[in-house]
Amino acid sequence: MLESHLLAELWVQLFNESLREILYSAEMAALYGNFSLEAKGLLLNITGFNDSIPALLEEILRTLKSFKVEDYKDHYTNIYQKTQRALKNVFKNQPYQQVG
C-alpha cells in the first residue's frame, strides 16, 4: 500500500508539472487550480471566477487525457530524488514533528 501511495504521489507531482503553464496562465486571470492526492483518491480543486472555470477544467481534462509520464523523464528524476530524500529525513526529524 505504501508503494502504491508513493507511486501515486510521484504521478500527481508529474501531472502538476504538466499543468504548470496552464495554471500559470490561469492565475493571471485570477483562476487557481490544484491537483492532489487525498486519502480516498485524487482531488482537483479549481477556484476563481465562475464563468472561467469550465474552460480551465476542460483544458486540465484534455491534458489529463493525453498525459504520459515518459514525456517528463527529467522531472521524474528530480521529483523521485526529492521524495527519496524526504523519506530518509523523516526519521531524522524530532518526534513531535513526525506526528500527523
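1. Ring pairs join Trp11, Phe15, Phe35, Phe67 and Tyr72 into a cluster. The model is a predicted one, and the points below should be read in that light. Across the whole structure, a search finds seven aromatic pairs.

2. One of these is the pair formed by Trp11 and Phe67, which is edge-to-face, with 5.4 Å from centre to centre and 85° between the planes. This pair connects distant parts of the chain, since Trp11 belongs to helix α1 whereas Phe67 lies in the loop between α3 and α4 (73–89), 56 residues apart.

3. The two partners fall into separate accessibility classes. Trp11 has a relative accessible area of 25% and is therefore partly exposed, as values between 20% and 50% are classed that way. Phe67, with a relative accessible area of 14%, is buried, because this value is under 20%.

4. Phe35, a member of the ring cluster, is also a contact of Leu19. Leu19 is located in the loop between α1 (2–18) and α2 (20–28). Its relative accessible area is 1%, so Leu19 is buried. When neighbours within four places in sequence are set aside, Leu19 is in contact with Phe35, Ile60 and Thr63. For Leu19 and Phe35, which are 16 residues apart along the chain, the separation of the C-alpha atoms is 9.1 Å.

5. Turning to the strands, β1 (residues 32–38) and β2 (residues 41–47) run antiparallel and are joined by seven bridges. The connection from β1 to β2 is a hairpin through two residues. Within this pairing, Gly33 has Ile46 of β2 standing opposite.

6. On the surface, Leu57, Leu61 and Leu64 make a nonpolar patch of about 220 Å². Of these residues, Leu61 is found in helix α3, which spans residues 53–66. How accessible is Leu61? Its relative accessibility is 44%, so Leu61 counts as partly exposed; the value exceeds the 30% that patch membership requires, yet it does not reach the range over 50% that defines an exposed residue.

7. In summary, two leucines may be set side by side: Leu19 is buried in its loop between α1 and α2, whereas Leu61 of helix α3 is partly exposed and contributes to the nonpolar surface patch. The aromatic cluster includes Trp11, Phe35 and Phe67; among these, Phe35 contacts Leu19, while Trp11 and Phe67 form the edge-to-face pair.

Terms used: Residues are numbered from 1 along each chain as its sequence is written. This is a predicted model: local features need pLDDT of at least 70, side-chain atom pairs count only at pLDDT 80 or more; totals for chains, interfaces and linings use all residues. Side-chain values use heavy atoms; hydrogens and water are left out. Patches are made of residues with over 30% relative accessible area and no salt bridge: like charges are joined within 9 Å, nonpolar side chains (Val, Leu, Ile, Met, Phe, Trp, Tyr) within 5 Å. Accessible areas come from the Shrake-Rupley method with a 1.4 Å probe; for residues, only the protein chains shown count as cover. A salt bridge is a side-chain nitrogen of Lys or Arg within 4 Å of a carboxyl oxygen of Asp or Glu. Helices (H or I, at least four residues) and strands (E, at least two) are DSSP runs, numbered from the N terminus. Buried means under 20% relative accessible area, exposed over 50%, partly exposed in between (1.4 Å probe, protein chains only). Contact means heavy atoms within 4.5 Å. Two strands pair if DSSP finds at least two bridges between them. Rings of Phe, Tyr and Trp (its six-membered ring) pair if their centres lie within 6.5 Å; planes under 30 degrees apart count as stacked, over 60 as edge-to-face and the rest as tilted.
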